[in-house]
Each structure stands twice: as C-alpha cells, then as structure tokens.
Amino acid sequence: MSGEVIGVWIGAILTLGIFSFLYKDNPFYKFSEALFVGISAGYWFVVTFWQYFIPKFWDNLALSFNELVTKGRIDYHWIYLIGGFFGVLMILRLVPKIGWLSRWSLAFIVGTTAGLQFTRYLESNGIRQVVGTIQPLVVGGNLGTTIGNLIIVVGTFTGLIYFFFSKEHKGAFGGAARVGVWFLMINFGAMFGYTVMSRMSLLIGRMDYLFTDWLKLIK
Amino acid sequence: MDEITNQEKKTFWENLLSIDRRIIFLFIIIAVSVPLFFKTSLEIPVSPVVQGVYNAIENLPAGSKVLISFDYDPGSMPELQPMAESFFRHCFRNNLKVIIMGLWPQGPIQANMALDKVFKELKEEEKTVKIPQYGIDYVNLGFTAGNEVVIDRMGHDFQESYPADAKGTPLSEIPLMQGVRNYDNVDLILNLSAGYPGTQEWVQYAVDVFHVKLAAGNTAVQAPSMYPYVQTGQLTGVLGGMKGGAEYELALKRPAKAVSYMFSQAVAHGVICLFIILGNIAFFTMRKKKTS
Amino acid sequence: MRREVPLILTAIVGITMIIAHFIPPFNILKNLFEDWFFIIAAFAIYLGILNLIRVNADKLYKKQHDWPFGLVVILGFLLITIIGLFFSGGRSFQDPGTPFYYLYMHLYYPLSATMFALLAFFVASASYRAFRARNIEATMLLLAAFILMVGRVPIGYWFSDWLGDALGKSADWIMDFPQTAGQRAIMIGIALGVVSSALRVILGLERTYTGGE
Amino acid sequence: MKSRSNSKEKLKFLPFFLLVTVFFFLPGIPSMIGAEDITNPDAESTKVIQTTPAPPINVTVKDIPNDKGGAVTISWEKSTDDGGGAKNVAKYEIFRSTQRDAGYEVIGNTVAGATSFSDNAAKNKVSYFYKIRAISPAGVAESLPSASVFAKRQWFNLSRLTLFILSLVIGFAIFYFIERAKSEKGLFIRKIAGLEAVDDAVGRATEMGRKIIYIPGIMDMDSMQTIASVTILGRVAKLAAQYEAKLEVPVCRSLVMVTCREVVKEAYLNAGRPDAYNDNMVYYLTDDQFAYAAALDGLFLRERPATVFLMGQFYAESLILAETANSVGAIQIAGTAMPTQLPFFVAACDYTLIGEELFAASAYLSKDPKLLGSLKGQDVGKFIFLLVIIIGVVFLTLNSVLGLNLPNLGRWF
C-alpha cells in the first residue's frame, strides 16, 4: 500500500470517528478529539514559528546583526527587539514574583487594538453604511426600486432605534423599535436560510470523500 | 407540556414535537448521500450579483492585471475550490495576468491545487489557449502574516508585505511585477474568502481606503453580510457558496463540480423544509388541542 | 508602576494608532506596532502550549479518568511539532511532498473538515426547533428562512418554472432589501459599540485586563 | 435607574445640534481641494520616432496622494497596436528625466497591455518628466513627454477629513456623557434581557452544583470583541465568586488565556474570595477553530454545565457549540458582533446579545455611572447617523421629485 492509500484510510477512519459523536459520546470520538487537539495545537505552533516568529522577529534581527558585523552600522531593524522585549515580559508570567510585568505587554496589545479598530469600524461599518442608505425614496418609473429603497431606509432607521439604550422603548419610539426588531428577525432568518446551503455542501464534500476517495463507489 | 392533565397516550404529533434529533440526523445523511450516486444536470438562472463578478472579469481588456487573494483553508474546499478553478479558467481564457496571494496560511497551496487542475484541462482540451507561464502570465506571492495589515500595507507598496514571491524571487526580478507598486497598478482584485481575514477586510482596507475594484467568492454563510457592500458598490459582485459557484460556471459556459453537487443540496434542503413544515403543523395541532 | 504604567501605555499606543490613520508619516509606527503584536503573540504561544501539556500530563500522572486520551494529545502534539520544526525543510514546511504536508492532509484536514461538516446536522436540528410560528417575530424569522432555503436551490424547478422563478425572485428581493436593512442597522450599531469600547479602554475606564476594577 | 426627562435635559443637547450643524458643512472641503490630475496639455498629438507601432498616448502623471511621499504614478493609453498583429507591442519601457527634452533614462518596463506604472524611486520635491516607449518586433514608438510632477509627503490625509471630524464629534459626545455621568445619578438605561438573565444563570449553576463554562470567542486580543468579552468575564466571575459557583474558562489563544487569568483572579479578589481562585480555571486548548469546537463539545457532554456563556467573536463553530450546549440542557447566554453568526445564536440560544449590546454589556453589568454614561454617548452617535440619513434621503427625494439641486450628503464621505 502506498503512503497515499494509507493516508486516505487514516483520514476516513478519523472522519467516521468525528461523525460518531452525532450518535453519542464514545471512546472512538474521544480518541479523534484528543488527537485533533494535539495535532492542531502542534500545527499552529509550527506555523507560528515559521510564519510569524522567524520572519517578523528573527529575520529582522538577523538583518541588523549582519549590518552591524559587515558594515559596522546600527540600523533601524534593532527596534524589533522592543517587540521581543514585550514578548519576553509575557513569558515572565512563569516567574510568579515578576509575573505582573506581563500586564505591560497586555496593555500594549489592548491599546493597539482599540486604536486600530476605532477608526476602521467607524469608517466601514458606520459611515459607509450610512452613505449606502442615503438613496432617493422616489425613483421615477421604477416601482421596485422605489419600494426597495423605502424598505431599506425604514428598516435601517427603525433597526437603529432598537439599539438606543438611554430611552425607554415606549409609545411611538417603542413602536419603531418593534418594527426594527422585525427587520432584525428577517435579517436573521434570511441569513440562516442562505447558510443552510453552505453547511450542506460541507457534508457533501465529506460524503464525496468517503464514497469517492475511500470506498471508490463513485467514479 | 402538561403531562399530569394530559393522561392519554402520546399522539403522533406530540412525538414529532419532541423528536430525537438523531432521527433528523439520519434523514440528512441519507438525503445527502443517495443523490451523489445519480448523475443529473439542473438548470439554474444566473443571478445579478454573480453576473457582476462575471462581467468584472469579462470586461477587462487582455493584459490587465488581476490580483487573486486566497483566504480560505481546506475546510471550505467544497464551496470555494470550484470557484477558484473557474476564476483561473476565466482569467487565462481572456489572457489576463494573475497575481496570487494568500492571507490564510493555507491559501496559496489551495491556489496551486486549482492551477494544476486548470493547466491539465488546458493541455487536454483547449489548444487555442497557450499554457500560462510563471512570472509572465501569473505569479504566486505566497502567504504573509498580518491579516488586514497586509492589505493596508499593500495599498502603499506591495513590497512592504511581499519583498519576494513564494519561491523567494525578489518582486523586482519578476517581469509581471514590473511597475506594480500598489493597487493603482492592478485592474481588479478577486477574493476567495471563508471568514477572517477575508472579503470584509478587503472592503474595509482596500476598497474604502484605496478605491480599488473588488469582486469576491464567499462561503454561503458569509455572502449575505456582503450584500450591503454590493448594494453600496463597494463590491462589484459576490459568488455565494456552491450555488454561486454553479451559477458562475454556467455564466462561463463551463459546468463543473459545483453544478453536479447541486442535486444533493436540493434534496437535503427539501428534507429540512419538510421537517420545518411538519414541526409547525405539529405545533399548531397541539396548541389547538390545548385551547379546546 | 504596577497600575499606572499599563494605563499610560494603553492610552499612548491607542491614541497613536488613531492619529496614524489620519497622518500618513505615522504609518511607520503603526506598521511597527502591528509587527510587535505578532511577535508578542508568537512568544505567548509557549505559555498556552506549556499549559496544554501540563494539564494533560497531570491527567496521565494522576491516572485520572480518561487518562489515555491525555497521552494521545501529547503524542499528537509532539509528532507534528517535531516533524514540522526539524524534518520538513524549514520554511517551506508546507510544500506538497514534505512529511508535514502529509500529516496535514491525512490527519489534520479530515478531522477539521469533518468537524466543520457536523454543521449540516446541527443546522437541520436547530432549524427544526427554532422555526415555529410562535409570535410575529418568530414568524418573520421562519418565513424569511423558509423562502431563502427554497428559493436558493432549484427545488422549484421540479414543480414548475413559474413557481421556481417566483421563489428565486422573492429570495433575491429579501436579500437585497429587508435583509440588507436589518444588517445595516446591526453594523452601524456595532461601529458605535466598538468606538465607545475602544474609547473606554483608551481612557482607562475599563481595565480589568490589567488587574484593576 | 429611572427615567428623567425635563426641558433642561433637552437644552443640554443644544451643543450637539450645533456640532452636528458644523459637521454638515465641513465635510464638503475635501471634495473641493482634492488632488487633481496633471494632464499633458498637448498629449493628443504625438511624436512618432519609428513609424512601425502606434505610440502610447495621453501620458499622465500623478503624485500618489496621502502617502509619505517617494512615489509617482504614470498612466497612459495603450498603443493601438497592443493586442495583436505584426506590430504587436511586446512591452513598454518607462523613461524619466528632470528636464523636459533631454536626459531620459529607463527606470523600468511593463508587460504588454499595462496602462500604468509606479515610479517608486522618485525623490520628494524633485520635478520629473516621463515618457513611455512601446517596443515591438517591428520597431519602437515613443510618446510625448508628460507634464512635470513631483512626489510629496502629505501631513494630513485629506480624504479622511470627514472621518476625522466624525471621530472627534462622537468621541467628544461619549467623553462628555462619561464626565457628566460622574455628577449625575439615576441615568436611565433600558433593560437588556440577555444581561438581566446573567444573575439567574449564575445562581442556577450554584443550585444545580454544576459548572459555568465561559467561552470568550475564538479570536485573539487583536479583536475588540474579545476585549469586550474579557471585561464581561470579569463581571461574571465576580458573580460566580459571590454565588460560590464553579467557573471554567477554556480558551483558544494564549494571550486570551493570560488576560482571562488576570481578570478572573482580580474578580475573585474583589469579591473577597481570593482563596477560591486557581489558575486551572482558565486553560488553553488549541489555537485551531474546529479542534477547539471538538474539545468543547466533548467537555459539554461530559461536564453537563448548568450555564454556558458564548461571548465574543465567533465563526462557523458558533452553531456547533450552541447546539451541543442546548442538547445537554444548559442555559446559554450568547453575544457577538459577527453578523454572520448572530442568526445561529438567536435560533439556538436562550438569550443573545445582538451586536452593539455585546459592547454595552460590561457597562450594563458594572452599573458604574461613568460606563453607563458612555452608552448615552453612543446614542448621540446613533442620533447623528439617523439625522444624516433623514436629511440625506429628504434632499435626494426632493431632488428627484421636484427637480431641485440640493447637495448629496453621501458624497461628503
């Protein structure tokens, strides 16, 4: 048996192992689960090493080191040492007495995220969507678009009303919020329905693997 | 359910309401598997969002540069791989130059798999189209870490994210990459996406900021949340899931795997719909019984 | 030192990132900070891995219930890590033909894809349970889902062209208008939520992560 | 928390109306002073060196706007012989000089079919001229020189002026209400069902003697949703400590593990039960999305938790987790700002925080007036957006019905 054939058999058995979970928890599933956790943790560890640690940290330092040795110059890549410094602070958690230093790294990360996503979300999720909603309500000669635009404006408007926190949902305001909830529900239903297709295709892919690649029942 | 007041034997509808979900699972597995053994061809119309993607590629003059970002992993192969193959078929048929990259570590491998398949086809059937050459007709930049940051940096300069292609050749030595500094020198971006980072990030970081033209192939889950972007014109079009892939194959007049999977999907959908209908009938029958 | 430094650091870094969006020369700092993030995360993964191994080794050592599966976790991890780090050609470890690629294709991929495929079953059971016309809201959810499910696959064609076309058209219409409207309201809300949370973090009002109330 | 509405309250909104008004007029500026193309005035007529292929025409040059300088974009129209025939263009060469009529040097070339090139080696504030030469087997043809251009560094990205102003206005609104909330009591915040249920859900776990499992999403600390989730965990952990419920936090990112440990430890300390905390409550499983889901599924079935929290950024695994937790009878409180996953949480979970509600959760649970004030600031943001939408739609509708010429607000962004 070639490596490829053995590989397909292993793959097929593990596939059945995961599927067996649908019936009930059993040792076969537990084995597949444990193997999956171990393998995937290792997989991402290796990926992190080769695709993040080496190019982002090691390569930059090697560049600087090379510059220093061959030309005697101190170039700006040394600045990546600061990133490494924060990384080491993180590892220092293993030393209980100075473990609190890792909070500096956390503070750095949280600050970066907050600053970066502040403008991004405001632009793409906020402004762009507001701009998209600004459409004329009456489009000459096109009833479909006219109704559609009206629905989009009403739906976005009432939907946003629902999200108001500091005003009680009572009276006309509450009525608008209720209409907003209907639009949210239509959104959820439509997305759910749309997604079913995608989920089925994943199962089709697996069954195709079992029947075609493994059992060779389908040519 | 009030078990104490309702002493009579459980009716069919009652049983149905509290059905063991494993019975539903059984129906699903049968519904998906059996149709796989039948060869059928279903006809489907091409929807406007799919036509948008098709037109975006079709309307490019020969020699235009297309950047395709592979942002998915093998988990989404059933949905996205047929699209990837169709994109390559379309681009090479129209003599477009293709730049491949990936924001997901496994993306560029997926691209290689699709390329292999399309080249084999080209060798077999269409003798009029020459086999594309690496470095001149297409180039694979590979994966680079950084998610949306990569998109942002490429907007300033590709070299900030990709000093070299996947094989380690510096971009400046690749004929195709001559004069390509950033998105300004690319005519269209295609994105195959199964989550984060993906189409949403391309819209936020490339379209909104650098005003490039973007079309995408998405898993069916993601596609609906891209509709607002299509509506605002931030996206030229989107292929949603297997159906989008199948429609695109039909627009391209090259039906392939996506079309043949559709039958299984249709039957499975039918089974779910049937269960929902039965569930509602049971629900209303029981409610009537309770009130009377 | 313990409380103040993190707060000041968060504020400075956060404000710098916002400014960098508007002042192009600041982009250099932005890129640098983002690279540092990946470096920190790359260091931090050791903490996670150590934790994983310790938990499972504990299971093994104390002969806890299910201890053999703890062994499977550790062996699986060691197998792929050793092969990926030392025996798969360094940086090109993911190229087709390497041992790492083999493990990836025949162990990792089938497990991952099958786990993903379980969704086909859960989607069925969840929709059976949730899609009942209990009240107006639930009915809206049900109708939208049902029309989309039927309209997006060519079931209609088995009955008649007319029905299939009508269903497909109404599915497209729902996606284009009411669905988009609902989605937009959610997205705009999220934008404000992110802005407000980010600001609270930068201002140091929410700082549980640095060990402060 | 109780509602207060009087005329004074309304007057306090006045500064915002003023700000909003100002905001309407400022954004027009970038479109007035946007970067303009410099087109060669006599580009229509072209000088032909070798008669064979037609030369490229209309060479235009442009400094790449809003960057840190050092680059120029050159665009042209293809030679009419590009695309086939005996005179088919094989490639274009790009020439550059600091004088209009002499001193041209090749700086690069492109494949046939290309219509633009970026000169990445331009020095800032140096004027350059460019020429394009089409090369074919039959001979070469050269375009006229372009107009002059120089690369420059931009100190402010004008295309983002609107965003800048909006950031300031909304940021100020949130800040203002945070400050005001310090001196004001009884700020009204509407009920959020999913958060009202948190107390009961934690209490239930104590009664049943089973665990609370808290899942902070699958993304790393570079997501605001994860950060929001971690702060919510802080509140939940404090409740768990007070109720003496058992809490377990399996995570899929190392940084999230570190952060969650800090947060849970602090929460137990604040609840006066530091002894009840140990590091094993928060543990790492794997970075992998589906392996994480597989492990959690097994955990749910074996532990049969009383309560499951699913808060943060989720992808496809959302429904796998929610359905399995449902099948073991756990109360599930979910929250995410992922529009793609909300439908599944809504369908399968007992309570779902929708989008913005996730970010409001920590403020809501903390009952800290300053944090609650920020929610009011968010509402001002929504109010501004609604106002822009209404005015924008009315303007455009009037334009289309009455043929007026009111401004399109959408263009300002």
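**Figure 1. Two helices from two chains cross in this predicted model.** Helix H2(A) packs against helix H4 (residues 99-130) of chain C at an angle of about 115°, and their axes are 10 Å apart. Those two values are worth a look, since two packed helices are described by the angle between their axes and the distance between the axes. The crossing of H2(A) and H4(C) is left-handed. On the H2(A) side, find Ser32(A), Phe36(A), Ile39(A), Ser40(A) and Tyr43(A). On the H4(C) side, the contact uses Tyr104(C), Leu107(C), Tyr108(C) and Leu111(C). Check the spacing of the numbers as you go: an α-helix has 3.6 residues a turn, so residues three or four places apart point the same way. Sorted by class, this helix contact has seven nonpolar and two polar residues, and no charged ones.

**Figure 2. Zoom out a bit, and here is where chain A meets chain C.** Here 97 residues of chain A are in contact with 101 residues of chain C. Which parts of chain A give two or more residues to the side that touches chain C? They are the helices H1 (3-19), H2 (27-71), H3 (80-91), H4 (102-133), H5 (143-162) and H6 (171-214) of chain A. The side of chain A that touches chain C is made up of 60 nonpolar, 31 polar and six charged residues.

**Figure 3. Chain C, split into its assigned domains.** The domain assignment cuts chain C into domain 1 (1-85), domain 2 (87-130) and domain 3 (135-213). Take the C-alpha centres of domain 1 and domain 2 of chain C, and you get 23 Å between them.

**Figure 4. Chain B comes up against chain A.** In this view, 34 residues of chain B are in contact with 31 residues of chain A. The helices of chain B that each supply at least two residues to the touching side are H2 (21-36), H4 (77-93), H8 (199-210), H9 (223-232), H10 (241-251) and H11 (257-291). Which helix gives the most to this side of chain B? That would be H11(B), with six residues. Counted by class, the side of chain B that touches chain A has 19 nonpolar, eleven polar and four charged residues.

**Figure 5. Helix H8(B) is mostly covered.** Ten of the twelve residues in H8(B) are buried. Among them are Trp202(B), Val203(B), Tyr205(B) and Val207(B), but also Glu201(B) and Gln204(B). What do the buried residues of H8(B) pack against? From chain A there is H4, and from chain B there are strand S1 (65-71), helix H6 (148-156), strand S4 (188-193), strand S5 (214-218) and H9. Just past the helix, look for His211(B), which takes a positive phi of about 55°.

**Figure 6. Chain B has two assigned domains that touch.** Domain 1 of chain B comes in two pieces, 21-40 and 259-274, while domain 2 covers 48-254. Their centres, taken over C-alpha atoms, are separated by 31 Å. Each domain puts four residues into the contact. On the domain 1 side, three residues are nonpolar, one is polar and none is charged.

**Figure 7. Strand S7(D) has antiparallel partners.** Strand S7 (residues 129-136) of chain D is mostly covered, with seven of its eight residues buried. Seven bridges link S7(D) to strand S4 (residues 91-97) of chain D, in the antiparallel sense. Here you can spot Phe95(D) standing opposite Lys131(D). S7(D) also runs antiparallel to strand S8 (residues 139-142) of chain D, this time over four bridges. In that pair, Ala134(D) stands opposite Ala141(D). A hairpin of two residues takes the chain from S7(D) to S8(D).

**Figure 8. A parallel sheet of six strands in chain D.** The sheet is open, and its strands come in the order S11-S10-S9-S12-S13-S14. Why does one side of S11 (282-284) and of S14 (351-354) have no neighbour in the sheet? Both strands stand at the edges with a single partner strand each, so one side of each is left free of a neighbour. Neighbouring strands are turned against each other by 15° on average, direction ignored. At the S14(D) edge, four bridges join it in parallel to strand S13 (residues 331-336), and Thr336(D) stands opposite Ile354(D). Helix H7 (residues 254-270) of chain D lies across strand S10 (246-251) and S11, running at about 175° to S11(D).

Notes:
Residues are numbered from 1 along each chain as its sequence is written. Chains are lettered from A and ligands numbered from 1 in the order in which they are written. This is a predicted model: local features need pLDDT of at least 70, side-chain atom pairs count only at pLDDT 80 or more; totals for chains, interfaces and linings use all residues. Domain bounds come from an automatic or database domain assignment. Two residues are in contact if their C-beta atoms, placed from the backbone, lie within 7 Å. Ala, Val, Leu, Ile, Met, Phe, Trp, Tyr, Cys and Pro count as nonpolar, Asp, Glu, Lys and Arg as charged, and the others, Gly among them, as polar. A residue is buried if 20 or more other C-beta atoms lie within 10 Å of its own, exposed if 12 or fewer, and partly exposed in between; C-beta atoms are placed from the backbone. Two strands pair if DSSP finds at least two bridges between them. Axes are lines fitted to C-alpha atoms, for helices over the stretch in contact, and angles run from 0 to 180 degrees between N-to-C directions. A crossing is left-handed if the near helix is turned anticlockwise from the far one by less than a right angle, and right-handed if clockwise.
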